[in-house]
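Hello,

Here is the structure you asked to look at. My notes follow below it.

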Amino acid sequence: MRLLAFFFSLQLLGLSPAAGADLYLKYKLYALGLPVGSGVLLVDVNDNNYSLSAKGQTAAFGRLVSDGKGSADVRGGVRDLSFQPETYSLDIKSEDDSGTVAMTMRSGNVKDVEVIPPQDRMKERIKVSAGHLKNVLDPLSAAIMPAPNGLEKDSCNRTLRIYDGKERYDAHLSYKSTRTTKTADRRFKGKVLVCRVRYEPVSGHRPKRKAIQELAANKSMEVWLAPVGNKPYLVPLRAAISLPFGSLVVEAEKYKLSD
């Protein structure tokens, strides 16, 4: 499920705090309350450029989670706080989906994509048009959101136009609540925004696929957004979804800002 790939690309493992990274986050993934994966996200952003790196693995857990590992990286520029991705790469190996994606972008438009192996059953999929590849973000860049107004309610309300190299979809976020929380290492203690998330497939998907239909109809997904230190960006601290086979939660346990 591509939206799960967007939020749960944070179920990662293997990176350690890196010199120069603004923020190091270590997450754990839970299925039905049991830990089944872990990982990290490195965030580095300044006035002109940004880079994000993620790497990790999960253990098989029934029909909720497959055994696998993967990594993703993106680099690009910053314009008026908004990310302008230039190079994005994904390498994933799992029981359900294995392969690589390499994508180059400019000014929010996709210029070139290489997917190995190529998608199958193309006649069943909604065609990705040239228009679908304009004004989009890769899944990793979409996870870090510009928020000049900080934790105001309006910082939730947005639509993320995402292309992962195979499928184009929108993630519609809307304000649900504000709450106080802390990470297990207690390095983050404070307020977060709780945003509802709704998945809308656009193209590249198989519209008759049951999993896509169920995800589009799912109203349980939410994400908790926390500040990236004193920078005008928000990062997922927690994401959750209830599925027919049970619940998935990914939650940050470590939050380390650069010295």
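**Val78 and its surroundings**

Beyond its neighbours within four places in sequence, Val78 is in contact with Val45, Asn46, Asp47, Asn48, Asn49, Tyr50, Phe83 and Tyr233. Please keep in mind that this is a predicted model. Val78 sits in strand S4, which covers residues 68–79. Is Val78 buried or exposed? It counts as buried, because its relative accessibility is 14% and the cut-off for buried is under 20%. I also checked Val78 against Ser107. The two are 29 residues apart in sequence, and their C-alpha atoms are 10.0 Å apart in space.

**The chain as a whole**

The protein chain has 3 helices and 14 strands. It runs to 259 residues, and buried residues make up 49% of them. Take the contacts with a separation of 6 or more: residues 24 or more positions apart account for 59% of these. The chain exposes about 12700 Å², and carbon and sulfur atoms supply 47% of that area.

**The core**

In soluble globular proteins, nonpolar side chains tend to be buried together. Here, the largest nonpolar core has 64 residues. Which residues have the most contacts inside it? They are Leu25 and Leu41. Strand S13 gives the largest share of this core, with 7 residues.

Leu25 touches Leu41 itself. Not counting residues up to four places away in sequence, its other partners are Gly39, Val40, Val235, Leu237, Ala252, Lys254 and Tyr255.

Ile241 lies in strand S13. Ile241 is buried, with a relative accessible area of 1%. Ile241 and Met221 are 20 residues apart in sequence, yet 4.4 Å apart in space, C-alpha to C-alpha.

**A charged residue that is buried**

Glu253 is placed in strand S14, residues 246–257. Why does Glu253 count as buried? Its relative accessibility is 18%, and the limit is under 20%. Leaving aside neighbours within four places in sequence, Glu253 contacts Lys26, Tyr27 and Lys28. It also contacts Thr183, Ala184 and Asp185.

**The cavity**

Rolling a probe the size of a water molecule over the atoms shows where empty space is left. How many cavities of 30 Å³ or more does a search of the whole structure find? It finds 1. The largest cavity has a volume of about 40 Å³. Its lining is made up of Thr181, Lys182, Thr183, Trp224, Leu237, Arg238, Glu251 and Ala252. By type, the lining divides into 3 nonpolar, 2 polar and 3 charged residues. Strand S10 (168–182), strand S13 (231–243) and strand S14 each supply at least two of the lining residues.

Some names recur. Leu237 and Ala252 line this cavity, and both are touched by Leu25. Thr183 is also in the lining, and Thr183 is one of the contacts of Glu253.

**The second largest pocket**

This pocket has a volume of about 320 Å³. It is lined by 17 residues, and the closest to its centre are Ser82, Phe83, Asn135, Leu137 and Leu160. Which elements give two or more residues to the lining? They are strand S5 (82–94), helix H2 (139–142), strand S8 (145–146) and strand S9 (158–163). The lining divides into 9 nonpolar, 6 polar and 2 charged residues. Phe83 links back to the start of these notes: Phe83 is among the contacts of Val78.

Best wishes

Definitions and conventions. Residues are numbered from 1 along each chain as its sequence is written. This is a predicted model: local features need pLDDT of at least 70, side-chain atom pairs count only at pLDDT 80 or more; totals for chains, interfaces and linings use all residues. Side-chain values use heavy atoms; hydrogens and water are left out. On a 1 Å grid over the protein atoms alone, a cavity is a set of points where a 1.4 Å probe fits but cannot get out, and a pocket is an open set with protein on both sides within 12 Å along at least five of seven lines; lining residues have an atom within 4 Å of a point. Grid points are joined across faces, edges and corners, and a volume is the space filled by probe spheres set on the points. Helices (H or I, at least four residues) and strands (E, at least two) are DSSP runs, numbered from the N terminus. Ala, Val, Leu, Ile, Met, Phe, Trp, Tyr, Cys and Pro count as nonpolar, Asp, Glu, Lys and Arg as charged, and the others, Gly among them, as polar. Buried means under 20% relative accessible area, exposed over 50%, partly exposed in between (1.4 Å probe, protein chains only). Contact means heavy atoms within 4.5 Å. Accessible areas come from the Shrake-Rupley method with a 1.4 Å probe; for residues, only the protein chains shown count as cover. A nonpolar core is a set of buried Ala, Val, Leu, Ile, Met, Phe, Trp, Tyr and Cys residues joined through side-chain atoms within 4.5 Å.
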